[in-house]
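Visitor: I am new here and like to test every label. Show me the structure, and then let me ask how each name is earned.
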Amino acid sequence: MEERILAYCRDRGLPEPRLTWGWIPFNGHWGIATSFFQLAAAEARAGGAKVNVGQRANELAEEIAAHLGTPEGFERVEAVKGYLNLYFRTAEYASNVVESALAEGPAFGRAPRLGQRVMVEFSQPNTHKAFHVGHLRSAILGDTLCRILESAGYDVVRANYPGDIGLHVIKWLWNYMKFHAGEKPEKDITRWVGDLYAEANRRLQENPDLEGEVRALYARWDQRDPEVRKLWEVTRQWSLDGFTEMYDQLDIRFDVYYFPSMVEDSGKDTVDELIAKGIAQDERPAGPVIVKIDEQLGLTQEKYRVLVVLRSDGTALYATEDLALARLKFEDYPDLVKSYYVVDVRQSLHFLQVFKTLELAGYDWAGRCQHVPYELVTLPGNVVMASREGTVVLLENLIREATQRALAVVEEKNPDLDPAQKLEVAKAVGLGAIKYPMLARENGKIVTFDWQSALDFNGQAAPYIQYAHVRANSILRKAGIESLDALPPSRGVEYELAPAEVQLIELISRFPKEVQRAASELKPLHIANIAYDLAKTFTDFYNDCPVLIADEPVRSWRLRLVAAARQAIANSLNLLGIRAPEAM
RNA sequence: GCCCCUGUAGCUCAAUGGACAGAGCACCUGCCUUCUAAGCAGUUGGUUGAGAGUUCGAAUCUCUCCUGGGGCGCCA
């Protein structure tokens, strides 16, 4: 097609146009479009004469439309306001889209394997602390990115990096040894652990004299006191068990766990290496070990500034551990083409510094490390969630509340459902309602959490998309179609499609491209958008186009379309980590 | 002081540099004897923070301001 247009322009002595194709943005029309404003403008520049570009573009579009006639595979060609619109021969394309969605099934939208491995590190919760809604975004964003990258053809390693050492752990241990010795968590491990941490802080605030005891305990820790280390191991595991419960509920899993405690020593080795290479400057004991990155790079304007890689007392910092962790990841998986860090935006400079320092140290994989920043989840009034301030919404509470609320709605809407299924639906809906708002906005935008909108199951939200899936499923069930094999055979489209049908097919056809785009831009938002658009368009179809009572051949074709739409909706929900219930 | 992000309808957010800037929430008016009303239809609502520039064309790119948030040598 492009060839013919280019040839036409050559023949006419027109400048070579740069054609960019897009979809025709009108509902119910299916095809591709390009504009001739650029060509008209180029022509005007070359000619030097004053012309009305818009008008000339339309003339060109009309000329070319006339020249093309109606090419093979297209139904209609028209020129409108400077655009050349090529309408697909609907029947043929519609059939291709629906049949490929049905044939590929759960793999619809998935790209062929690339044979390339990437790692995504996400959800770095602190052991010995509460898990609250503020921690949820990294977990959900990271999980969804993994699903998207996997679908785009990558082999994905899902990594977690829980903070298992530091002052907060010592405070917790101190409180436990002094006031809770011998106690064990029963259920709600994470809540119990979090409460003890809050209690520790309260005690220390009420009686600052006790901080001496905490410092003493820290010293014992540093000297690797066996009793302290043992207790740390046991209690750390409690926390991790609690996290695992939480991740299970959220349908999130990990392939590998890294811990600061694993890389504390190797981090110090890395710092020694940096000093030996002359990259880091050792100012101990008067000062810390630092890397003057801008100076190393010969920059006159400050960009990377100075990274402190080791405290003056020789103890490790976050940066110390991150240097070693980055190495460890590439030791474990030397073939990583990318090593992503899903961490909040406040650490942008930190990662810029760490990765640049590793590059200075000569590690060629340093350029493959990439920070994927996201903004925080705050409470109304821009209040940051902090366990010490008590300004948190606990994840358990949110899940429980959302699930209960969803259960109440199911009871009301669909009382005949099997009780076990009601619970299933409540979980799917409750969790979907929690996840969707975290994914349906730019990573760099703050999510303000409030109970009312978190528990609103109406409108642009996961339950709406799930409901569209349920309706599609319901039609097929009533038609007696239990599996795809029971669908009427494919005979192509033998009637003129309604606008709602064309629109639905167009969206289904766009789904695989959106997966690619979401993967290359690392933006789950695109999937959240296409999922909602699919649901919305299916609902329009549902209202406009009866299926079960339609005459043949309409009925048979629409049943296949419904099955294809159900598949596309299910696949998009799956990428978001949201379950698609059969009924609700 | 330097750097990053952000600003779109009353609120929360969308929008490959392109056709009338779209949804949801909220408000108001209707629609269950038709494939599940967690739905649908309709009404109301905009000088895309301001100003300049690039471009045939700018919410989108550049510059200068302004608003809000964040970061900047021993916190994580």
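Guide: Start with a cut-off: a polar contact is a pair of N or O atoms within 3.5 Å. Keep in mind that this is a predicted model.

Visitor: What makes the approach of R441 to RNA strand B a polar contact?
Guide: A polar side-chain atom of R441 lies 3.2 Å from a sugar or linking oxygen of RNA strand B. The cut-off is 3.5 Å, so the pair counts.

Visitor: Which part of RNA strand B do N458 and K478 contact?
Guide: A phosphate oxygen, in each case. For N458, a polar side-chain atom is 3.1 Å from it. For K478, an N or O atom of the side chain is 2.8 Å from it. Both values are within 3.5 Å, so both are polar contacts.

Visitor: How many residues surround RNA strand B, and what makes a residue count?
Guide: One heavy atom within 4 Å is enough. By that rule 70 residues surround the strand. The closest are R45, Y83, Y467, S474 and Y542.

Visitor: Which helix gives the most to the surface near RNA strand B?
Guide: Helix 19, residues 525-544, with eight residues. By kind, the surface divides into 35 nonpolar, 19 polar and 16 charged residues. On the RNA side, 61% of the atoms within 4 Å of the protein belong to sugar or phosphate. The rest belong to bases.

Visitor: Why is the sheet with the order 7-6-5-11-12 called open, and which strands are its edges?
Guide: Its five strands have parallel pairing. Strand 7 (256-257) and strand 12 are the edge strands, and each pairs on one side only.

Visitor: How do you know that strand 6 and strand 7 pair?
Guide: Pairing needs at least two bridges. Two bridges join strand 6 (residues 155-160) to strand 7, so the pair qualifies. These strands run parallel. N160 stands opposite Y257 in strand 7.

Visitor: How many bridges join strand 11 to strand 12?
Guide: Six bridges join strand 11 (residues 336-344) to strand 12 (residues 369-374), and the two run parallel. Y341 stands opposite H371 in strand 12. From strand 11 the chain passes through helix 13 (residues 348-360) to strand 12, a right-handed β-α-β crossover.

Visitor: What makes that crossover right-handed?
Guide: Look with the strands pointing away from you. The path from strand 11 over helix 13 to strand 12 then runs clockwise, so the crossover is right-handed.

Visitor: Why is the pairing called mixed in the sheet with the order 14-13-15?
Guide: Strands can pair in two ways, parallel or antiparallel. This open sheet of three strands is mixed. Strand 13 (residues 377-379) and strand 14 pair in the antiparallel sense over two bridges. There L379 stands opposite V383. The edges are strand 14 (383-384) and strand 15 (447-448).

Visitor: How do you know that helix 18 has the span expected of it?
Guide: Helix 18 runs over residues 499-521, which is 23 residues. At 1.5 Å a residue it should span 33 Å, and its end C-alpha atoms are 32 Å apart, so the two agree. It still has a kink of about 35° at F511, shortly before the proline P512. Just after the helix, L522 takes a positive phi of about 55°.

Visitor: Where is the kink in helix 15?
Guide: At A433, shortly before the proline P437, with a bend of about 25°. Helix 15 (residues 419-439) reaches 30 Å from its first C-alpha to its last, close to the 30 Å expected.

Visitor: What makes the bond from R284 to P285 worth a stop?
Guide: Most peptide bonds are trans. The bond from R284 to P285 is cis, with omega near 0°. P285 lies in the loop between strand 8 (281-282) and strand 9 (289-292). The bond from E552 to P553 is also cis, with omega near 5°. P553 lies in the loop between helix 19 and helix 20 (554-575).

Visitor: What is the phi of K81, and where is this residue?
Guide: Its phi is near 50°, a positive value in a residue other than glycine. Most such residues have a negative phi. K81 sits in the loop between strand 3 (74-80) and strand 4.

Notes. Residues numbered from 1 in each chain as written. Chains lettered and ligands numbered in written order. Predicted model: local features only at pLDDT ≥ 70, side-chain atom pairs only at ≥ 80, totals over all residues. Heavy atoms only, no water. Helix = DSSP H or I, 4+ residues; strand = E, 2+ residues; numbered from the N terminus. Expected span 1.5 Å × (residues − 1). Bend = angle between axes of the 7 residues up to and from the residue. Polar contact = N/O pair within 3.5 Å; in protein donor to acceptor, adjacent residues only side chain to side chain. Nonpolar A, V, L, I, M, F, W, Y, C, P; charged D, E, K, R; others polar.
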